[in-house]
Amino acid sequence: MFTFIDYSRRPTKVFFLHLILSLTTLSSFLHAKKPNIVFVFSDDHATQALGAYGHPISKIAQTPHLDQIAKAGMRFDRCMVTNSICGPSRATILTGKYSHLNGFFVNEGTQFDSSQQTFPKLMRKSGYQTSIIGKWHLGSDPTGFDHWDILPGQGKYYNPDFKTKKGLRNYTGYCTEIVTDKALEWLEQRNKQKPFMLMVQHKAPHRNWDPDFKYLDLYDDVEFPEPDTLFDNYEGRGTAAKDQDMSIEISMELNNDLKVDGNSDKKSRYYKGNYNRLTPEQKLLWDKYYNKRNSKFKKLNPKGRELIRWKYQSYVKDYVRCIKSVDDSVGRLRTYLKKNNLLENTVFIYSSDQGFYLGEHGWFDKRFMYDESYRTPLLISWPGVTKPGQSTDKLVSNLDFAQTFLAISGTQAPSDMQGMSLVPLLKGSDSDLWRTHHYYHYYEYPGWHMVRRHEGVYDGQYKLLHYYDLNEWELLDTHKDPKEMMNQYQNPEYKNVVAAMSAKLNDLKSEYQVPAGIPEFRMKHVGNDPNRYLSKGRRKIEGLPPKK
Ligand code: SGN
Ligand code: CA
């Protein structure tokens, strides 16, 4: 903030005093150590399962270390993603650009063009050491990092492989813990003369929600609250909500997702991809917990709604167990920073590639522009800059991360980045000049969970969605209808809102240079089988033969 001082009316002594003060501030600014950045990022972490956001689930499954970031800094209540899926979210974060400009639209079958401009490359140029450890999921190898040690593809929870410039190496243990060990090792051996930017990227709590052995029976005796919309029948919304393949009832698999017979059905996906990787000692621990859970399940033999309820409870428990390890990871990292006198000069950031459904609308997974998957957690602490315990409901986005990191490091952001630096918000600004509307675009169809392509705009209350392949629109009034159950698009009372939001959608598309018309882009590798990604349950309903 600048204050104008009229020196002509003041004695010269005061003028010199101000001059000296300004020069001292300037010199301490120039000599101040550039802040470090630790960016912890998880995969599919819903705000419902993060204590600082206050949802009933997180009251049971607490996250004290994550909450500490919010207590020390700022909680962002409306951090909206540009495209609610893994690789595309990561590509947006690296480039500060929407999918249509960074070229990474969908997870499957594409490679990130790693020759393009990214924030780590720019930070490196301005003297930062850059490092990424854990999930990457962009096909091509990382560029712009002094050090990288990543999980190939989706990565594995148990005894994962890691990939470096030297090739692949297998590790025994639990992924979240190994990623943290590696991050701490890197911090220890880094060049201590330079500021650093470290990205710690967890696989957890991604499907199929495999917990660490020490947490297998955590929350076992607890009943988690069911969401009001667990038995949603999608009345009041269009084809896309009705036709998805991500329901707990139909799409969630007893074997693969809920580990029923996971240790005995040798042909199953779970056995081959997960159980089979375990050491004999790990197998004993796994068997001990899941054999008990499975035999209880078989005795109970639930049907209909009771089966959905059992699936929901089992799913959420494994999911929050995975988050427990992420919380531990944050605790270990912060303890290290504190012990090494680094915490005070480190910006600590926590976020996830997108949100997730924990049974809302009867779903798991993400992709839709509905709240649970469109909104992602974002917590930032910056000691001495952000006042402790702040929160903001400004519309921010993963589109803003690149420019934020650049601003923190004092690096000029290139003008072709499309986001906004969050630094003014972190410094307490409540400026009206912030964005009022956010643009969203999801592309992966046909694909896992069969969510139709859509784009839309959100202003904090109204949300307009366009499923252009279906020629269907939805307007949601999230103040009156926070659970997003009722499409108001045809309701005459919302005529003006629809008109205003449609105009805004067009404005944003031209501002962000979204190519006109329906995107040409199709998932190349789907070939001529549009049902390639259908779940077992859906294949049965459609009368299709089981997948091999
Ligand atoms: C896997 C999962 C899907 C999930 C995608 C994308 N199937 O394919 O359920 O939607 O990842 O997730 S699984 O049975 O292999 O777990 S993302 O986080 O990478 O976008
Ligand atoms: Ca994800």
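Reader: What makes Arg207 a polar contact of ligand 1?

Author: In this predicted model, a polar side-chain atom of Arg207 lies 2.9 Å from an oxygen atom of ligand 1. The cut-off for a pair of N or O atoms is 3.5 Å, so the pair counts. Arg269, at 3.1 Å from a ligand oxygen, and Asp365, at 2.7 Å from one, pass on the same cut-off. The protein covers 91% of the 460 Å² of accessible area that ligand 1 has on its own.

Reader: Where does ligand 1 sit?

Author: Ligand 1 occupies the largest pocket. Its shell divides into nine charged, six polar and three nonpolar residues. Among the 18 residues around the ligand, those that come nearest are Asn107, Asp365, Lys366, Arg367 and His449.

Reader: How do you know which protein atoms are donors of the calcium ion (ligand 2)?

Author: The protein donors belong to Asp43, Asp44, Asp353, listed twice, and Gln354, and they lie 2.2 to 2.8 Å from the ion. For Ca the limit is 3.2 Å, so they count as donors. Along the chain the donors follow the spacing D-D-x308-D-Q.

Reader: Why is the site of the calcium ion (ligand 2) called irregular?

Author: The angles among its six donor atoms run from 50 to 163°. Six donors count as octahedral only if angles between donors that are not opposite stay between 65 and 115 degrees; an angle of 50° falls outside, therefore the site is irregular.

Notes
Residues numbered from 1 in each chain as written. Chains lettered and ligands numbered in written order. Predicted model: local features only at pLDDT ≥ 70, side-chain atom pairs only at ≥ 80, totals over all residues. Heavy atoms only, no water. Near = heavy atom within 4 Å. Polar contact = N/O pair within 3.5 Å; in protein donor to acceptor, adjacent residues only side chain to side chain. Areas by Shrake-Rupley, 256 points an atom, 1.4 Å probe, with all protein chains shown as cover. 1 Å grid on protein atoms, 1.4 Å probe; cavity = no way out; pocket = protein on both sides within 12 Å on 5 of 7 lines; lining within 4 Å. Sits in = over half its atoms within 2 Å of the grid points. Nonpolar A, V, L, I, M, F, W, Y, C, P; charged D, E, K, R; others polar. Tetrahedral: all angles 85-135°; square planar, octahedral: opposite > 155°, others 65-115°.
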